[in-house]
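The following paragraphs guide the reader through a protein model, moving from the packing of helices to single residues and charged pairs. Please keep the sequence and the structure in view while reading.

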Amino acid sequence: MIIKKFIAQTEQEAVLKAKEDMGPNAIVLNIKTTKQRGIRKLFKKDSVEITAALEDRTTGGIPVNKVNVAVGGDVLPDEESNQRAAIEEKLDTLQSLLEKRMDENVKKVREHNEDAKGEKEEKKENEKNTNVSYIRLIYDQLIDNEVDEKYVNQLITEIESVSRKESTLDTILASVYQKIVLKLGTPKPIELNEKHAHVTFFVGPTGVGKTTTIAKIASSFKLEKDKKVAMITSDTYRIAAIEQLKTYANILSVPVSVVYTVEELNAAIEKYKDYDLILVDTAGRSHKHQQHCEEMIHFVKDSLVPKGCTKDVYMVVSAATKYKDLLDIVEVYGQVGKYNIVFTKLDETSAYGNIFNIRLKTQANFSYVTVGQTVPDDIRVLDAQKLAKSLLGGAN
Ligand SMILES: Nc1nc2c(ncn2[C@@H]2O[C@H](COP(=O)(O)OP(=O)(O)OP(=O)(O)O)[C@@H](O)[C@H]2O)c(=O)[nH]1
Ligand SMILES: [Mg+2]
């Protein structure tokens with residue numbers, strides 16, 4: 001499939017440009033109107049950008065059922081096809097859902113072709129149009145879920161190998177689903193160090209749920225896995241922050257230390273070095289306040305862990321934050337060095353595209369997602385297959 005963008009002053013002009021450039025079979029995938037506001041109106045006219053697609057008949061396709069793909073891996077040999085079978089099973093519900101919605105589209109295309117063509121020609125045209133309709137449906141679904149258009153186009157281009165004229169909705173859908181799962185990668189929840197403490201820092205903007213997430217994780221390690229857990233907080237900025245963490249620590253019967261400087265932090269880590277897990281809470285800072293962010297970054301980067309201990313950083317961001325702000329946040333907080341991502345507040349949004357966008361943008365590993373305010377229940381390790389299914393319109 002070839003995908004191109006065309007800009008003109010009206011939709012008709014843009015479509016005309018697309019047809020001139022790509023031929024009469026070009027199909028419009030998306031239309032975006034940019035309206036000029038305020039003083040710009042005087043200098044610039046409104047414009048329309050269309051994304052057009054054309055099935056590329058020169059590339060041979062590989063039906064998806066000849067390729068085995070697994071989470072976090074690449075193309076696999078036949079003996080590892082079990083994983084793929086599991087993926088396909090998960091597609092069933094999703095496929096019937098999309099098929100239902102496709103029925104109307106396909107019927108319309110057929111009715112149109114019946115009027116205009118001979119039988120053989122009509123069959124060929126139906127196959128091609130149905131194929132493009134499938135892809136368009138998937139395209140719309142991903143855009144609806146706020147997946148960045150750039151990444152949607154990337155996915156669509158990548159599945160061209162399965163988009164042959166005899167492709168069915170399930171082969172196209174399986175292909176795009178598998179690609180999304182692969183791109184999401186394998187989530188990395190906290191892994192303890194066998195002999196010494198594993199130190200984890202939680203950083204991120206204000207109010208995203210860092211302290212609550214720490215309490216959820218502490219509870220899981222202490223109560224379910226019977227591990228020795230300690231907490232440290234450097235959030236001496238917000239008046240109630242220390243009390244908040246102390247309350248959770250008391251309920252769970254875990255020690256907590258309050259630190260004001262990197263030296264005090266290092267001393268606290270040293271004190272708990274024989275514990276299994278040390279959770280370090282930091283003050284939420286606006287990514288727009290450079291000096292505050294630099295202080296926090298220095299705190300995390302300059303801390304030292306005793307010999308044998310390991311250290312990890314978890315960047316906590318809310319799934320309900322606008323994509324543009326998320327981009328700024330990961331850029332600023334990304335200065336802490338290597339980090340994993342925790343997405344909070346999935347219960348406050350119904351479009352999960354940002355999660356996918358941020359993974360593609362940062363390539364940082366996912367870890368946990370949180371789905372509500374309740375401690376300790378509302379936390380999970382991110383499920384890439386479930387997320388891929390949601391992005392494609394399946395039930396959560
Ligand atoms: N809906 C929803 N609310 C959440 C979730 N996680 C945390 N919260 C709520 O978000 C609010 C802020 O949570 P905190 O844990 O204090 O956030 P924080 O990042 O530590 O905040 P600061 O320390 O002030 O930067 C609280 O009301 C939490 O109950 C979640 O997954 N879903
Ligand atoms: Mg906090």
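When the directions of two axes are compared, angles under 35 degrees count as roughly parallel, those over 145 as roughly antiparallel, those from 65 to 115 as roughly perpendicular, and the rest as oblique. This classification will be applied to two pairs of helices in what is a predicted model.

The protein contains 13 helices and 13 strands. Of its 396 residues, 51% count as buried. Among contacts between residues at least 6 apart in sequence, 74% join residues at least 24 apart.

The first pair consists of helix α6, residues 169-184, and helix α12, residues 353-362, whose axes lie 9 Å apart and pack at an angle of about 60°. An angle of about 60° falls outside the ranges for parallel, antiparallel and perpendicular, and α6 and α12 are therefore oblique to each other. The crossing in which α6 passes α12 is left-handed. On the α6 side, the contact is made by I180, K183 and L184, and on the α12 side by F356, R359 and L360. Sorted by class, this contact of α6 with α12 comprises 4 nonpolar residues, 2 charged residues and no polar ones.

Helix α12 also meets helix α5. The axes of α5 and α12 cross at roughly 80° and come within 10 Å. Since the range from 65 to 115 degrees counts as roughly perpendicular, α5 and α12 are therefore roughly perpendicular to each other. Here Y151, Q154 and L155 of α5 meet F356, N357, L360 and K361 of α12. The classes represented in the contact of α5 with α12 are 4 nonpolar, 2 polar and 1 charged residues. F356 and L360 of α12 thus appear in the contact with α6 and also in the contact with α5.

Helix α11, residues 323-333, has buried residues at Y323, L326, I329, V330, V332 and Y333. Against which elements do the buried residues of α11 pack? Their partners are the helices α5, α10 and α12, together with the strands β6 (198-203), β10 (310-318) and β11 (340-344).

Two threonines show how individual residues are placed. T212 is found in helix α7, which spans residues 210-224. Buried means a relative accessible area under 20%, so T212, at 18% relative accessibility, counts as buried. Apart from its neighbours within four places in sequence, T212 is in contact with Q244, Y248, Q373 and V375. The other threonine, T233, lies in strand β7, residues 229-233. With a relative accessible area of 1%, T233 is buried. When residues up to four places away in sequence are not counted, T233 touches I242, L245, S257, V258, V259 and D281.

The discussion now turns to charged pairs. The count of salt bridges comes to 7. One of them joins the side chains of R136 and D140, with an N to O distance of 3.7 Å. Why are R136 and D140 separated by about one helical turn? They are 4 residues apart in helix α4, which covers residues 119-144. R136 counts as partly exposed because its relative accessibility is 35%, and D140 likewise counts as partly exposed, at 33%.

Another salt bridge is formed by K183 and E158, whose closest N and O atoms are 3.0 Å apart. K183 lies in helix α6 and E158 in helix α5, residues 149-158, so this pair ties together parts that are 25 residues apart in sequence. E158, at 32% relative accessibility, counts as partly exposed. K183 is also one of the α6 residues in the contact with α12.

R285 and E295 form a further salt bridge, the closest N and O atoms being 3.8 Å apart. R285 lies in the loop between β9 (277-281) and α10 (290-301), whereas E295 lies in helix α10, so the pair ties together parts that are 10 residues apart in sequence. The two partners are placed in separate accessibility classes: R285 is buried, with a relative accessible area of 10%, while E295 is partly exposed, with a relative accessible area of 37%. Elsewhere, K5, E49 and E149 are joined into one network by salt bridges that share partners.

Key:
Residues are numbered from 1 along each chain as its sequence is written. Chains are lettered from A and ligands numbered from 1 in the order in which they are written. This is a predicted model: local features need pLDDT of at least 70, side-chain atom pairs count only at pLDDT 80 or more; totals for chains, interfaces and linings use all residues. Side-chain values use heavy atoms; hydrogens and water are left out. Axes are lines fitted to C-alpha atoms, for helices over the stretch in contact, and angles run from 0 to 180 degrees between N-to-C directions. Helices (H or I, at least four residues) and strands (E, at least two) are DSSP runs, numbered from the N terminus. A crossing is left-handed if the near helix is turned anticlockwise from the far one by less than a right angle, and right-handed if clockwise. Contact means heavy atoms within 4.5 Å. Ala, Val, Leu, Ile, Met, Phe, Trp, Tyr, Cys and Pro count as nonpolar, Asp, Glu, Lys and Arg as charged, and the others, Gly among them, as polar. Buried means under 20% relative accessible area, exposed over 50%, partly exposed in between (1.4 Å probe, protein chains only). A salt bridge is a side-chain nitrogen of Lys or Arg within 4 Å of a carboxyl oxygen of Asp or Glu.
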